[in-house]
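Me: Could you walk me through this one slowly? I would like to understand what each term means as we go.

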Amino acid sequence: MKILAIALQKNGKPTAASFEVLTAAQSVGAELLTAVLAEDAFSGAAELASRGAGTVLAISNPILKFV
């Protein structure tokens with residue numbers, strides 16, 4: 001089984017809710033893929049990867065500043 005988690009980021013850091021989603025996904029024991037969509041997703045992606053987010057997709061675009 002594979003799980004896709006969508007991580008939210010605020011002020012350049014993943015939100016607490018994002019870590020809650022990762023914890024729930026990890027408890028299932030499935031292969032985890034996490035997507036971070038933000039104006040600058042790379043710093044948040046590194047933190048998520050260090051906390052066991054599996055494969056992390058960092059998608060950066062200035063238009064995502066207001067999402």
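Reply: Let us start with a definition: a residue is called buried when its relative accessible area is under 20%, exposed when it is over 50%, and partly exposed in between. Please also keep in mind that this is a predicted model. Threonine 55 has a relative accessibility of 46%, so it counts as partly exposed.

Me: ok, and where is threonine 55?

Reply: Threonine 55 belongs to strand β5. Its C-alpha atom is 8.8 Å from that of glutamate 31, although the two residues are 24 apart in sequence.

Me: what about glycine 54, where is that found?

Reply: Glycine 54 sits in the loop between α2, which covers 42–50, and β5. With 44% relative accessibility, glycine 54 is partly exposed, because that value falls between the two cut-offs. Along the chain, glycine 54 and leucine 22 are 32 residues apart, while in space their C-alpha atoms are 9.3 Å apart.

Me: and threonine 34, buried or exposed?

Reply: Threonine 34 is buried, because its relative accessible area is 1%, and the limit for that word is under 20%. This residue is part of strand β4. Between threonine 34 and leucine 48 there are 8.3 Å from C-alpha to C-alpha, and the pair is 14 residues apart in sequence.

Me: new topic: which residues form the nonpolar patch on the surface?

Reply: The patch is formed by Leu4, Ile6, Leu37, Leu57 and Ile59, which together have about 430 Å² of accessible area. Two strands, β1 (2–7) and β5 (55–60), each contribute at least two residues to it.

Me: why can isoleucine 59 be part of a surface patch?

Reply: Patch residues need over 30% relative accessible area, and isoleucine 59 passes that cut-off because its value is 38%, which makes it partly exposed. Isoleucine 59 lies in strand β5, and its C-alpha atom is 6.0 Å from that of alanine 41, a residue 18 positions away along the chain.

Me: how much space lies in the largest pocket?

Reply: The largest pocket holds about 280 Å³ of space. Its lining consists of 15 residues, and those nearest the centre of the pocket are Gln9, Leu37, Ala38, Glu39 and Leu64. Leu37 therefore appears in two places in our conversation, since it also belongs to the nonpolar patch.

Me: what classes of residue make up that lining?

Reply: Sorted by class, the lining of the largest pocket has seven nonpolar residues, four polar ones and four charged ones. As for where they come from, β1, β2 (9–10) and β4 (31–38) each supply at least two of the lining residues.

Me: how many salt bridges does a search of the whole structure find?

Reply: The search finds one salt bridge. It joins glutamate 47 and arginine 51, whose closest N and O atoms are 3.7 Å apart. The pair counts as a salt bridge because the nitrogen and the carboxyl oxygen have to be within 4 Å. Side chains of opposite charge can pair when their charged atoms come close.

Me: and how accessible are glutamate 47 and arginine 51?

Reply: Glutamate 47 is partly exposed, with a relative accessible area of 23%, and arginine 51 is also partly exposed, with a value of 47%.

Me: last thing: what is the phi of asparagine 11?

Reply: Asparagine 11 has a positive phi of about 55 degrees, even though it is not a glycine. Most residues other than glycine have a negative phi.

Me: where does asparagine 11 lie, and is it buried or exposed?

Reply: Asparagine 11 lies in the loop between β2 and β3, the latter being 13–14. Its relative accessible area is 75%, and because exposed means over 50%, asparagine 11 counts as exposed.

Technical notes:
Residues are numbered from 1 along each chain as its sequence is written. This is a predicted model: local features need pLDDT of at least 70, side-chain atom pairs count only at pLDDT 80 or more; totals for chains, interfaces and linings use all residues. Side-chain values use heavy atoms; hydrogens and water are left out. Patches are made of residues with over 30% relative accessible area and no salt bridge: like charges are joined within 9 Å, nonpolar side chains (Val, Leu, Ile, Met, Phe, Trp, Tyr) within 5 Å. Accessible areas come from the Shrake-Rupley method with a 1.4 Å probe; for residues, only the protein chains shown count as cover. A salt bridge is a side-chain nitrogen of Lys or Arg within 4 Å of a carboxyl oxygen of Asp or Glu. Helices (H or I, at least four residues) and strands (E, at least two) are DSSP runs, numbered from the N terminus. Buried means under 20% relative accessible area, exposed over 50%, partly exposed in between (1.4 Å probe, protein chains only). On a 1 Å grid over the protein atoms alone, a cavity is a set of points where a 1.4 Å probe fits but cannot get out, and a pocket is an open set with protein on both sides within 12 Å along at least five of seven lines; lining residues have an atom within 4 Å of a point. Grid points are joined across faces, edges and corners, and a volume is the space filled by probe spheres set on the points. Ala, Val, Leu, Ile, Met, Phe, Trp, Tyr, Cys and Pro count as nonpolar, Asp, Glu, Lys and Arg as charged, and the others, Gly among them, as polar.
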